[in-house]
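Colleague: I would like to learn how to read strand pairing, salt bridges and surface patches from a set of coordinates. Could you take me through them one at a time?

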Amino acid sequence: MSKPRIKIQTLSVYTSTTLVLVLLGVMCALLLSARSLSDYIKRNMTMSVVVSSKLGEADVLNFRKQLDKRPYVTASKYVSSAQILEEQIKELGTDPVEFLGYNPYEPSIDLTLKSEYACPDSMAMLEKSLLKDKRVTQVVYHREIIEVVNDNIHKMAIVLLGFMVVLTLISWSLIGNAVRLSIYSKRFMLHTMKLVGATWGFIRRPFVVHNMYIGLFSGIAADALLGGIFYLALREEPALFTILPPVSLATIAVAVICFGILMTVSCAYSSVNRFLRMRGDDLYFL
């Protein structure tokens, strides 16, 4: 076979492997984004603990210090009844004090919870525990939003994971066919080497090493394309950094290269073995 033909086959293996790895990298990014988005929402989940208006400000601040020491709290914020009244006046455009003659709002302590506690069951238990304290009159949090967010992200993760599994199988098949075609033209050379006493390991080695480099350079090329895609996306929407931080991008880049090497090496290994197992007469009928 002529060298130009061999170069075209090698180029097709590089191209197909790179494109497949780009698709897998995008799917990995979506999967990690769903997980990061879930963690981001949970880290910013708040629970408002409304305290009795009979307590003085010093007592409320002391209660806040006690809450800060609890294992499920990462931060807290004291909101006085006067602040709540001012916010309500801005939103509603009316002052309830003019009608009632007093401020109807009670002070509250907004708790930011640790992510492992920001789920419906845990927050319901925390609510029950906090309401046992006589200083607490009400616990407010968005139960429906938490349930909807958790359910949607869970479903999204399952769908993306399913797509990744299917795409991986298809990718394995496509790259396997491309690698097999590149080795096909050398099947008689493999048989000759086997006849003169070369071991299977000796015969496989150059093909495995060659395809390892194909996987490596295809992974690097795919990372370069993914880097351009992510750069454009992050330039248009900088907020994506919160759900797809540099650590996640680095993880995707390493995973793409490792997966590219794994696929091309395993495909080369199995393809060479297939031809080595065949008899010489069978090679003419492929």
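The dialogue below goes through these features in turn.

Modeller: Please keep in mind throughout that this is a predicted model.

Colleague: Let us begin with the strands: how many bridges join strand β1 to strand β3, and how many join β1 to strand β4?

Modeller: As a general idea, side chains in a regular strand alternate between the two faces of the sheet. In this structure, strand β1 (residues 46-51) runs antiparallel to strand β3 (residues 108-113), with five bridges between them, and β1 also runs antiparallel to strand β4 (residues 136-140), to which four bridges join it. To find the register by eye, you can look for Val50 opposite Ser108 in β3, and for Val51 opposite Val136 in β4.

Colleague: Turning to charges, which side chains meet in a salt bridge, and is Asp133 buried or exposed?

Modeller: The general idea is that side chains of opposite charge can pair when their charged atoms come close. Here the count comes to one salt bridge, in which the side chains of Arg135 and Asp133 meet at 2.9 Å, taken from N to O. Asp133 has a relative accessible area of 19% and is therefore buried, the cut-off being under 20%, whereas Arg135, at 24%, is partly exposed.

Colleague: Which residues gather in a patch of negative charge on the surface, and which helix gives the most to the negative patch?

Modeller: For such a patch, Asp and Glu are the residues that count as negative. The patch here brings together Asp121, Glu144, Glu147 and Asp151, and helix α6 (residues 143-184) gives the most to it, with three residues. Glu144 has its place in that helix, α6, and counts as exposed because its relative accessibility is 56%, where exposed means over 50%.

Colleague: And which residues form a nonpolar patch on the surface?

Modeller: The nonpolar patch consists of Val209, Met212, Tyr213, Phe217 and Ile220, which together have about 430 Å² of accessible area. Tyr213, one of these residues, lies in helix α8 (residues 200-236) and counts as partly exposed, with 41% relative accessibility.

Colleague: Finally, how far apart are Leu11 and Ile214 in sequence and in space?

Modeller: Separation along the chain and separation in space should be read side by side. Leu11 and Ile214 are 203 residues apart in sequence, while their C-alpha atoms are 9.5 Å apart in space. Leu11 lies in helix α1 (residues 3-43), and with a relative accessible area of 53% Leu11 is exposed.

Key. Residues numbered from 1 in each chain as written. Predicted model: local features only at pLDDT ≥ 70, side-chain atom pairs only at ≥ 80, totals over all residues. Heavy atoms only, no water. Patch = residues over 30% accessible without salt bridge, like charges linked within 9 Å, V, L, I, M, F, W, Y side chains within 5 Å. Areas by Shrake-Rupley, 256 points an atom, 1.4 Å probe, with all protein chains shown as cover. Salt bridge = Lys/Arg side-chain N within 4 Å of Asp/Glu carboxyl O. Charge placed at Lys NZ, Arg CZ, Asp CG, Glu CD. Helix = DSSP H or I, 4+ residues; strand = E, 2+ residues; numbered from the N terminus. Buried < 20%, exposed > 50% of the residue type's maximum accessible area, 1.4 Å probe, protein only. Pairing = 2+ DSSP bridges.
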